[in-house]
Every structure is written in C-alpha cells, then in structure tokens.
Amino acid sequence: KTLIEEITCAAVERIILEKFGSKSMRIFRYIREKKYVEENLLQQFVMIPSKEAKLLTYQLMEKNFVSLQELRKSLAPNAPAKGIYLYYINMNQVVRSCLQVCLES
C-alpha cells in the first residue's frame, strides 16, 4: 500500500472510532483486512456478541462504510436462502461517506 492509502485508512478509522465506537472500528478493520467476510465469521472473529455485531455492522452499512454483496449458489432468482452474503469495503465510497459525515457535523 502507498503512504496516502495508509493515511486515508487511519483517518477513516479515526472517524469511525469517534462516530460509532471502538467495536465498530474493530469490525471495519477486520473486514478491510480480510477483503470479503461472511456475517457469521465476522461475529466469531471480532469477539462481539451476535446481536451487537449485527447492529453495529448495519449502522456502518447505513452510513456506507461497509457494503454487502450477494453470491448466489443457484441460478433460480426466487431462492433467497441459497445465497451467501459477504461484507466488503469499497474505500472510494467510504472516503465519500467520511466527507459527508464531516460536512454534517
């Protein structure tokens, strides 16, 4: 990674820490490190109770810090249980969201 990317990540993490707390920052760091993460694995590795981890992740998704991608196991469009949902971070979108959060403050 370049120096600018590292500085950007540090600034984003600081904004998340101030806005959402240390547990949300832990979730964000883990997803950024692993690139794509399933919800159950996320709850396992960040050591946060399931209900709280879901709430924090959805808060991060609401503010566009975390994104969700669906991978379907079957080609049938009406089989929702046959899909895997992965959390990932689109850093360009996150930077835009940070600017928006800063402008709202």
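Biologist: Why is S24 called buried?

Modeller: S24 has a relative accessible area of 0%. Buried means under 20% relative accessible area, exposed means over 50%, and partly exposed is in between (1.4 Å probe, protein chains only). The value of 0% is under 20%, so S24 counts as buried.

Biologist: What kind of model is this, and which residues and atoms count?

Modeller: It is a predicted model: local features need pLDDT of at least 70, side-chain atom pairs count only at pLDDT 80 or more, and totals for chains, interfaces and linings use all residues. Residues are numbered from 1 along each chain as its sequence is written, and side-chain values use heavy atoms, with hydrogens and water left out.

Biologist: Where is S24, and which residues is S24 in contact with?

Modeller: S24 sits in helix α2. Contact means heavy atoms within 4.5 Å. Leaving aside neighbours within four places in sequence, S24 is in contact with I16, L56 and L60.

Biologist: What makes α2 a helix by name, and how many elements does the protein have?

Modeller: Helices (H or I, at least four residues) and strands (E, at least two) are DSSP runs, numbered from the N terminus. The protein has 5 helices and 3 strands. Their order from the N terminus is α-α-β-α-α-β-β-α.

Biologist: Why is the span of α2 said to agree with its number of residues?

Modeller: The expected span is 1.5 Å times one less than the number of residues. For the 13 residues of α2 that should give 18 Å, and the end C-alpha atoms are 18 Å apart, so the two agree.

Biologist: Which residues of α2 are buried, and what covers them?

Modeller: S24, M25, I27, F28, Y30 and I31 are buried. The cover includes α1, β1, α3 (39-45), α4, β3 (83-88) and α5.

Biologist: What makes α2 roughly perpendicular to α4?

Modeller: Two packed helices are described by the angle between their axes and the distance between the axes. Here the axes of α2 (residues 22-34) and α4 (residues 50-62) come within 10 Å and cross at roughly 75°. Axes are lines fitted to C-alpha atoms, for helices over the stretch in contact, and angles run from 0 to 180 degrees between N-to-C directions. Under 35 degrees counts as roughly parallel, over 145 as roughly antiparallel, 65 to 115 as roughly perpendicular, and the rest as oblique. An angle of roughly 75° lies in 65 to 115, so α2 is roughly perpendicular to α4.

Biologist: Which residues make that contact?

Modeller: From α2 come K23, S24 and I27, and from α4 come E52, A53, L56, T57 and L60. They divide into 4 nonpolar, 2 polar and 2 charged. Ala, Val, Leu, Ile, Met, Phe, Trp, Tyr, Cys and Pro count as nonpolar, Asp, Glu, Lys and Arg as charged, and the others, Gly among them, as polar.

Biologist: What follows α2?

Modeller: K35 follows α2, with a positive phi near 75°. Most residues other than glycine have a negative phi, and most peptide bonds are trans. K35 is in the loop between α2 and β1 (36-38).

Biologist: Why is K35 called exposed?

Modeller: Its relative accessibility is 53%, over the 50% limit, so K35 counts as exposed.

Biologist: What makes N64 partly exposed?

Modeller: N64 has a relative accessible area of 36%, which lies between the two limits, so N64 is partly exposed. N64 is in the loop between α4 and β2 (67-72). Its phi is positive too, near 65°, and it is not glycine.

Biologist: How do you know that the buried residues of α5 line one face?

Modeller: The buried residues of α5 are V94, S97, C98 and V101. Seen down the axis, they fall within an arc of 105°, so they line one face of the helix. The arc is that of the directions from the helix axis to the C-beta atoms. Their cover includes α1 (3-20) and α2.

Biologist: Which exposed residues does the face turned away carry?

Modeller: That face of α5 carries N92, R96, L99 and L103. N92 has 54% relative accessibility, so N92 counts as exposed.

Biologist: Why is S97 called buried?

Modeller: The relative accessible area of S97 is 8%, under the 20% limit, so S97 is buried. S97 touches K63 and N64, not counting residues up to four places away in sequence.
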